[in-house]
Amino acid sequence: MRRQNPSLFTFAETIAKYWNMEGFSAERQEEFKKLPKISFDYAIMEHAQKVLVSDANFDWDDIGNWNAMRNHYEHDDVNNVIHANAELLNCRDCIVFSHDKEKLIAGIDLNGLVVVQSPDATLVVPANSTAKIKELLKQLSAKTEKQKFL
């Protein structure tokens with residue numbers, strides 16, 4: 001990691017050093033936001049030499065996809081995964097996620113949607129379109145940059 005992606009290495013080393021004392025502080029969160037948006041595979045492994053591989057006895061999942069939430073949270077009898085203050089009526093195959101337990105997310109007659117609520121935005125996307133979230137983030141980033149100059 002030190003050789004392939006020095007900025008990622010420095011960040012990981014800092015996190016390891018201070019994790020028990022301060023956790024993921026606001027300062028570390030800002031540093032994390034500045035890291036290149038690249039998977040570990042591309043950032044490190046594709047250019048690595050003399051890689052040692054070992055069998056591991058644990059489950060693996062690509063948590064870079066909202067649909068992976070189905071593998072980590074319980075679902076109800078109609079396959080809704082709810083990790084939020086939510087009330088759903090006649091909804092199935094949905095993922096509803098929020099850390100804000102005060103604000104209610106309500107849905108009626110929804111099928112196959114992912115709803116994610118953060119402090120500053122709410123995302124609603126068909127589960128089969130979650131791969132397009134990166135495109136939307138680029139679009140939002142470009143819009144934000146443009147607004148800085150207006």
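Asn 79 sits in the loop between H3 and S1. Its phi is positive, about 70 degrees, although Asn 79 is not a glycine. The model is predicted. In it, Asn 79 counts as partly exposed because its relative accessibility is 25%, and the partly exposed class runs between 20% and 50%.

A second residue with positive phi is Asp 109. Its phi is near 55 degrees, and Asp 109 is likewise a residue other than glycine. Asp 109 belongs to the loop between strand S4 (105-108) and S5. With a relative accessible area of 52%, Asp 109 is exposed, because the exposed class begins over 50%.

Thr 130 is another loop residue, placed between S6 and H4. Is Thr 130 buried or exposed? At 10% relative accessibility, Thr 130 counts as buried, since the cut-off for buried is under 20%. Its side chain also has a polar partner: it reaches the backbone oxygen of Ala 127 at 3.4 Å.

**The sheet**

Now to the strands. Four of them form an open sheet, in the order S1-S3-S5-S6. The pairing is mixed. Strand S1 (81-83) and strand S6 (122-126) stand at the edges. Each has a single partner strand, so one side of each is left without a neighbour in the sheet. Neighbouring strands are turned by 10 degrees against each other on average, direction ignored.

The pairings can be set out by strand pair.

| Strand pair | Sense | Bridges | One residue pair |
|---|---|---|---|
| S1 and S3 | parallel | three | His 83 and Phe 97 |
| S3 and S5 | parallel | four | Ser 98 and Gln 117 |
| S5 and S6 | antiparallel | five | Val 116 and Leu 123 |

Strand S5 spans residues 113-117. Its Gln 117 is the bridge partner of Ser 98. Its Val 116 has a bridge partner in S6, Leu 123.

How is S3 covered on its faces? Both faces are covered. Ile 95 and Phe 97 lie on one side, Val 96 and Ser 98 on the other, and all are buried. Two of these residues also appear in the pairings: Phe 97 stands opposite His 83, and Ser 98 pairs with Gln 117.

**The pockets**

The largest pocket holds about 2,600 Å³ of space. It is lined by 44 residues. Which of them are closest to its centre? They are Phe 32, Lys 37, Gly 64, Lys 134 and Leu 137.

Several elements give two or more residues to this lining. The helices are H2 (26-34), H3 (40-43) and H4 (133-148). The strands are S3 (95-98), S5 and S6. H4 supplies the largest share, seven residues. By class, the lining has 22 nonpolar, twelve polar and ten charged residues.

The second largest pocket holds about 170 Å³ of space. Its lining consists of Val 53, Ser 54, Ala 56 and Phe 58. Three of these residues are nonpolar and one is polar. What does the charged class add to this lining? Nothing: the second largest pocket has no charged residues in its lining, whereas the lining of the largest pocket has ten.

Conventions:
Residues are numbered from 1 along each chain as its sequence is written. This is a predicted model: local features need pLDDT of at least 70, side-chain atom pairs count only at pLDDT 80 or more; totals for chains, interfaces and linings use all residues. Side-chain values use heavy atoms; hydrogens and water are left out. Two strands pair if DSSP finds at least two bridges between them. Axes are lines fitted to C-alpha atoms, for helices over the stretch in contact, and angles run from 0 to 180 degrees between N-to-C directions. On a 1 Å grid over the protein atoms alone, a cavity is a set of points where a 1.4 Å probe fits but cannot get out, and a pocket is an open set with protein on both sides within 12 Å along at least five of seven lines; lining residues have an atom within 4 Å of a point. Grid points are joined across faces, edges and corners, and a volume is the space filled by probe spheres set on the points. Ala, Val, Leu, Ile, Met, Phe, Trp, Tyr, Cys and Pro count as nonpolar, Asp, Glu, Lys and Arg as charged, and the others, Gly among them, as polar. Buried means under 20% relative accessible area, exposed over 50%, partly exposed in between (1.4 Å probe, protein chains only). A polar contact is a pair of N or O atoms within 3.5 Å; within protein, one must be able to donate a hydrogen and the other to accept it, and residues adjacent in sequence count only if both atoms are side-chain atoms.
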